[in-house]
Amino acid sequence: MSALAALIRRDIRIALRVGGGALIGVLFFLTVTVLMPFAVGPDLALLSRLGPAILWLGALLASLLTLDRLFTADHEDGSLDLIVMSRTPLELACAAKALAHWLAAGLPLIIATPILGLLLNLDGTATLAVAATLLAGTPALTFTGMIGAALAVTLHRGGLLLAVLVLPLSIPVLIFGVAASQAAISGPLSFGTPFSILCALSLASLVIGPFAAAASLRHGLD
Amino acid sequence: MRLSGRNLKCVRGGREVFSGLDLSATSGEALAVTGPNGAGKTSLLRVLAGLLAPAEGSIALEGGDAELSLPEQAHYLGHRDALKPALSVMENLSFWREFLGGDTLDADRCLAAVALDHAAHLPAAYLSAGQCRRLSIARLLSVRRPVWLLDEPTSALDAAGQEMFIGLMRDHLASGGLIVAATHLPLGIDARDLRMGGAA
Amino acid sequence: MKLTETLTDLANPTRFLALTARILPWLAAMTAILLAIGLYQSAMAPDDYQQGATVKIMFIHVPNAWLSMFVWSVMSVAALGTLVWRHPLADVAAKAAAPIGAAFTFLALVTGSLWGRPMWGTYWEWDARLTSVLILFLMYLGLMALWRAVEDPSRAARAAAVLTLVGAINIPIIKFSVDWWNTLHQPASVIRMGGSTLDKAFLWPLLVMAIAFSLLFVTLHLAAMRNEILRRRVRNLQMMQASRVAFTSEAGAGPKEIGAA
Amino acid sequence: MSLGPYTSFIVTSYALVAAVVLWLIVWIIADYRRQQARLKEIEASGVTRRSGRSAADIR
């Protein structure tokens, strides 16, 4: 257990230090969201209707792009070899790394949501709904994205390929995340149904992600 | 304790690196794997460390902890030092000490053993290649593992560093450990020679 | 001639530190006095016949908005100093200015949206001026992220200098595009306010506040530059410390006993 | 001095500006103290600048 705690502490520390990427994700989120009105026009009514979708797309891209280096950094400096050899099961180590990444890069996105909601003319309830769905849904994004990050080690390249691999996997999360936020704002569905499906998706990815990533890493090392 | 490999064959990228390789080492013994570049020294160590699956053959460690596999009882010192430049020397070492777990030794003493104790609070980014290597060696000391798998351990080390490392390897052998080292330089300790690439 | 002499004189960080230590207290005192006068005058200023008391927000909004652009120009000059003249203090100045500029830009945004709330009924309107400031804010944050992304300050300095200059060229283009994009926008009234339509009763407090905030920036900037110089000293000394560790061990300190291991 | 129906907006903006400026000042002073402390610490460990002058000395 202390091994996993040490891994989480180390990853968060690196993310927050000079050269770490934790806050760049938030900045990306902010920039993408600000860009949207320039494309669709400054119509506040339209923006508040599109708001949840814009925020979800921004969060999706932000959490995906920061995942790029999750395993490749450890692979390049040889840390990954030692993590694979260690007495900690690789699945748990992967889960710990994903958790650390979510704490350092995913949580700030949720904290930034209310400010961006203001820019998109979302009212209090709508902002709260989007923040709640992001809180429930971003773990799913991180844990499925982790599979792509592990594949990036095997394939010796990341970046766009990672995005192409993982984006289709995140479609269900996007559907139910936006549906739940829309339901909270305008109906006609109840908030509970899509939200519980979203939570279920998160829980499922919490299990599938680490196993798939660990399997990919085991076969990918050379 | 006895480490043995029988009829090992390794294939990488469709190319056969080595085959029909037998090796064995017992407690207190060092095995020096030598051979020209491309003979498969690094591949052999990675096979022993469980990072590469052998295409044929088997590896066994008798007399170790029955609950643990060979990689879990081994230290691997590869070409890369597994250090994070953003963390301090001490943070790097204590991370591996906590993460690898098991029988641990005080981190300060490990740093003192590799003469890095005055650098404990410096960022690892400021270390030279030789100092990075010393810090990796401190990792071997901080957690006790009976098997050391070393890949060119003394490259980048200066004369004093090599001397220091020879002493540490002797201590390890004396306490019942065993060492498999790939090297093209003399190891400096009594070691059985495993020559690769000549016959194949 | 005098100016270049002063500039070469200041190139020595040690001399810069000495100068800073001497003038910082005076600058701080002057800032405080001017701020007090400005605040008093703003409090005494009459209400606007259209906007009522909300016009008081102008007295802090406009100085911050002015500084948000002024700081970027300071950084652009510093960027030229880094790239062209290779002045040793230029990148220190550029790095120290970024977070302060970002803070002023943030304040311009927030006070602008608080000022706009009574007029528009919402906190945020994609009004051309506010939107341009928001983009400027994002650029400040990006620049700060760039400084943080590279550990070696002199390498980061060149990248940041290029980005700052590109930004300086792009800001008018962005401003123009946003103006064009925003069909609902109001005419840029800051300049008009400064000219004929702004009453003298508002002009004086605004001017005093603008000078006070500019002085505040200079004070904070000098102090932050001093911190940055010290931070680089720490870095250099730490690197010396690292190389000294190697030296002592090469000199034959050899391995120490590790006890029972 | 009455501020009319929008008192809260005016007070909030002034308070926010005060808070952010104060935060900047406190951050800069704290940063200064931190760097000074680190310089003293390093000098105490025996590393000195090439000029031989104390690094923490700014005068």
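A residue is taken as buried here if 20 or more other C-beta atoms lie within 10 Å of its own. I write this down at the outset because my first entry turns on that cut-off, and N121(A) has 22 other C-beta atoms within 10 Å and is therefore buried. The model I am reading is a predicted one.

**Entry 1: two positive phi angles outside glycine**

I looked up the backbone of N121(A) and found a positive phi of about 60°, although the residue is not a glycine. I placed N121(A) in the loop between α6 (90-119) and α7 (124-155) of chain A.

I then turned to chain B, where A115(B), again not a glycine, has a positive phi of about 60°. A115(B) sits in the loop that runs between α3 (107-113) and α4 (129-142) of chain B. Is A115(B) buried or exposed? I counted A115(B) as buried, because 23 other C-beta atoms lie within 10 Å of its own.

**Entry 2: chain A as a whole**

I went through the secondary structure of chain A and noted 10 helices and 0 strands, so that the pattern read along the sequence is α-α-α-α-α-α-α-α-α-α. For the overall dimensions I noted a radius of gyration of 18 Å, close to the 17 Å that the globule rule gives for 222 residues, so chain A is as compact as a globular protein of that length. Taken along the principal axes, the box filled by the C-alpha atoms of chain A is roughly 55 × 35 × 30 Å.

I also looked at the interior of chain A, and 55% of its 222 residues count as buried. Among the contacts in chain A with a separation of 6 or more, 80% are between residues 24 or more positions apart.

As for confidence, I recorded an average pLDDT of 87 for chain A, with 98% of the residues scoring at least 70. Which elements of chain A have the lowest and the highest mean pLDDT? Helix α8 (residues 160-166) of chain A has the lowest, at 81, and α6(A) has the highest, at 91.

**Entry 3: the strands of chain B**

I followed strand β1 (residues 2-12) of chain B to its partners. With strand β2 (residues 15-26) of chain B it runs antiparallel, and 8 bridges join the two; in this pairing I found S4(B) opposite S24(B) in β2(B). The two strands β1(B) and β2(B) form a hairpin with 2 residues between them, and in the turn G13(B) has a positive phi of about 55°.

I then checked β1(B) against strand β4 (residues 56-62) of chain B, and these also pair in the antiparallel sense, over 6 bridges. One pair I noted there is L3(B) with its bridge partner L61(B) in β4(B).

**Entry 4: A79(C) and its surroundings**

I located A79(C) in helix α3 (residues 58-85) of chain C. A79(C) is buried, since 26 other C-beta atoms lie within 10 Å of its own. Which residues does A79(C) contact, leaving aside its neighbours within four places in sequence? I listed A94(C), A161(C), T164(C) and L165(C). For A161(C) I also took the C-alpha separation from A79(C), which is 4.3 Å although the two residues are 82 apart along the chain.

**Entry 5: contacts between the chains**

I surveyed the pairs of chains and found 4 in contact, of which chains C and D share the most contacts. In that pair, 26 residues of chain D are in contact with 34 residues of chain C, and the side of chain D that touches chain C has 18 nonpolar, 5 polar and 3 charged residues.

For chains A and B, I noted 22 residues of chain A in contact with 24 residues of chain B. On the chain A side, the elements that give two or more residues are α1 (2-16) and α5 (79-85) of chain A, and α1(A) gives the most, with 7 residues. By class, I recorded 9 nonpolar, 6 polar and 7 charged residues on the side of chain A that touches chain B.

Finally I checked the pairs without contacts. No contact joins chain A and chain D, and their closest C-alpha atoms lie 16 Å apart. Chain B and chain D are likewise not joined by any contact, and their closest C-alpha atoms lie 9 Å apart.

Methods. Residues are numbered from 1 along each chain as its sequence is written. Chains are lettered from A and ligands numbered from 1 in the order in which they are written. This is a predicted model: local features need pLDDT of at least 70, side-chain atom pairs count only at pLDDT 80 or more; totals for chains, interfaces and linings use all residues. Two residues are in contact if their C-beta atoms, placed from the backbone, lie within 7 Å. Ala, Val, Leu, Ile, Met, Phe, Trp, Tyr, Cys and Pro count as nonpolar, Asp, Glu, Lys and Arg as charged, and the others, Gly among them, as polar. Two strands pair if DSSP finds at least two bridges between them. Helices (H or I, at least four residues) and strands (E, at least two) are DSSP runs, numbered from the N terminus. A residue is buried if 20 or more other C-beta atoms lie within 10 Å of its own, exposed if 12 or fewer, and partly exposed in between; C-beta atoms are placed from the backbone. The radius of gyration is taken over C-alpha atoms; the globule rule is 2.2 Å times the number of residues to the power 0.38. pLDDT is the predictor's confidence in each residue, from 0 to 100.
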